[in-house]
Amino acid sequence: MRIRWHAIALTAALAVLFASAPALAQEKIRVLASFSILGDFVKNVGGDRVEVTTLVGPNSDAHVYSPAPADAKKVAAAKVVIVNGLGFEGWMARLVRASGSKASPVVATKGIKPRKQAAHGHSHSHGHDDTDPHAWQSVANAKIYVANIRAALIAADPAGKAAYEANAAAYLEKLDALDKEVREAVAAIPQERRRIITSHDAFGYFQAAYGVEFIAPQGVSTESEASARDVGRIITQIKRQKIPAVFLENITDPRLIQRIAAESGAKIGGQLYSDALTDEKGAAPTYIDMIRYNIKQLTSALGTS
Ligand SMILES: [Zn+2]
């Protein structure tokens, strides 16, 4: 009996081995992206020539991520490592060193003009870099990410050049359509209502590109907590300027915004996706879904009085 079971197990193992043989013939390029939004860009450009792994997963906060030992193995196994840069992944340099990887990470925001955090009342110096890393919130910037990723994949896998160029061209066309969609949605919101509160300052590039003002008690990173003074200032501002809605984010603790809503009388307009996608079952499993979801939330909270 025992021998027969071993034979069955062996046959099954061989079957798995042979089934995966054709995939081995055309080995995929292993690409590691630091967080979910970047991972989605890489999937769109890389198509079936790449195998994408993402370090910081859906609904997770990359600002304060602490890498696990398994992450060093993922870095070591990757042929291409892609990061956002602009100070977003402060933990990455040490992780790459720990992995022993010789590959230097590709910075997807290369060529994007960095935005500095708006100086709204942040008179105190908290020693943090105030460069805003959330460049992906402008669709025009997303197109620069795509161009950088395309160049990195071609450099790592020259045989795939035509495929990467075709994939990128198709995706860039979708991004152009998305940018137009955002502009049309914002244009339909009365100008005096284009102002909202979120937990952390993640929408500065969106604001600069599309003209909706975002005000946040927390800075461009979630590392430092909002001070009582910042929170008090925002509550006063909501009342004075009659700001219509406050929004939760998928990556931050909702309690701060809930408290601001309760004390200011502003309604909670819903949830925005700032720094991470959702999983497949969520509302924003891709970048395009994320931007669409966010503009739908803004339109429904601000569109009518
Ligand atoms: Zn952020």
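Helices here are DSSP runs of H or I with at least four residues, strands are runs of E with at least two, and both are numbered from the N terminus. With these terms in hand, the reader may turn to the structure above, which is a predicted model.

The protein contains 11 helices and 10 strands. Of its 305 residues, 48% are buried. Its contacts also reach across the sequence: among those between residues at least 6 apart, 67% join residues at least 24 apart.

Helix 3 offers a suitable place to begin. This helix spans residues 36-46 and is mostly covered, since nine of its 11 residues are buried. Those buried residues are Ser36, Ile37, Leu38, Gly39, Asp40, Phe41, Val42, Val45 and Gly46. Which elements cover them? Among them are strand 1 (29-35), strand 2 (50-56) and strand 3 (80-83), together with helix 6, helix 7 (161-187) and helix 11 (287-302). Just beyond the end of helix 3 comes Gly47, whose phi is positive, at about 55 degrees.

One of the elements covering helix 3 deserves a further look. Helix 6, residues 139-156, packs against helix 3 at an angle of about 55 degrees, and the two axes are 10 Å apart. Angles from 65 to 115 degrees count as roughly perpendicular and those under 35 as roughly parallel; helix 3 and helix 6 are therefore oblique to each other. Their crossing is right-handed. On the side of helix 3, the contact is made by Leu38, Phe41, Val42, Val45 and Gly46, and on the side of helix 6 by Ala142, Tyr145, Val146, Ile149, Arg150 and Leu153. By type, the residues of this contact comprise nine nonpolar, one polar and one charged. The spacing of the numbers in such a list can be understood from the geometry of a helix. An α-helix has 3.6 residues a turn, so residues three or four places apart point the same way.

Helix 6 also has helix 7 as a partner. How do the axes of helix 6 and helix 7 cross? They come within 10 Å of each other and cross at roughly 175 degrees. Helix 6 is therefore roughly antiparallel to helix 7. From helix 6, the residues that meet helix 7 are Val139, Ala140, Ala142, Lys143, Val146, Arg150, Leu153 and Ile154. From helix 7, they are Lys161, Tyr164, Glu165, Ala168, Tyr171, Leu172, Leu175, Asp176, Leu178 and Asp179. This contact is made up of 12 nonpolar and six charged residues, with no polar ones.

The loops repay attention as well. Asn59 lies in the loop between strand 2 and helix 4 (69-77). Is Asn59 buried or exposed? With a relative accessible area of 36%, Asn59 is partly exposed, because its value falls between the limits of 20% and 50%. Leaving aside residues up to four places away in sequence, Asn59 touches Asn250, Ile251, Tyr273, Ala276, Leu277, Thr278 and Asp279. Tyr273 is 214 residues from Asn59 in sequence, yet their C-alpha atoms are 8.4 Å apart in space. With Asn250, Asn59 forms a polar contact of 3.0 Å between side chains.

A second loop residue is His200, found between strand 7 (195-197) and helix 8 (204-210). His200 has a relative accessible area of 0% and is therefore buried. Its side chain is joined to that of His63 by a polar contact of 3.4 Å.

Key: Residues numbered from 1 in each chain as written. Predicted model: local features only at pLDDT ≥ 70, side-chain atom pairs only at ≥ 80, totals over all residues. Heavy atoms only, no water. Axes fitted to C-alpha atoms, helices over the stretch in contact; angles between N-to-C directions. Parallel < 35°, antiparallel > 145°, perpendicular 65-115°, else oblique. Left-handed = near helix turned anticlockwise from the far one by under 90°. Contact = heavy atoms within 4.5 Å. Nonpolar A, V, L, I, M, F, W, Y, C, P; charged D, E, K, R; others polar. Buried < 20%, exposed > 50% of the residue type's maximum accessible area, 1.4 Å probe, protein only. Polar contact = N/O pair within 3.5 Å; in protein donor to acceptor, adjacent residues only side chain to side chain.
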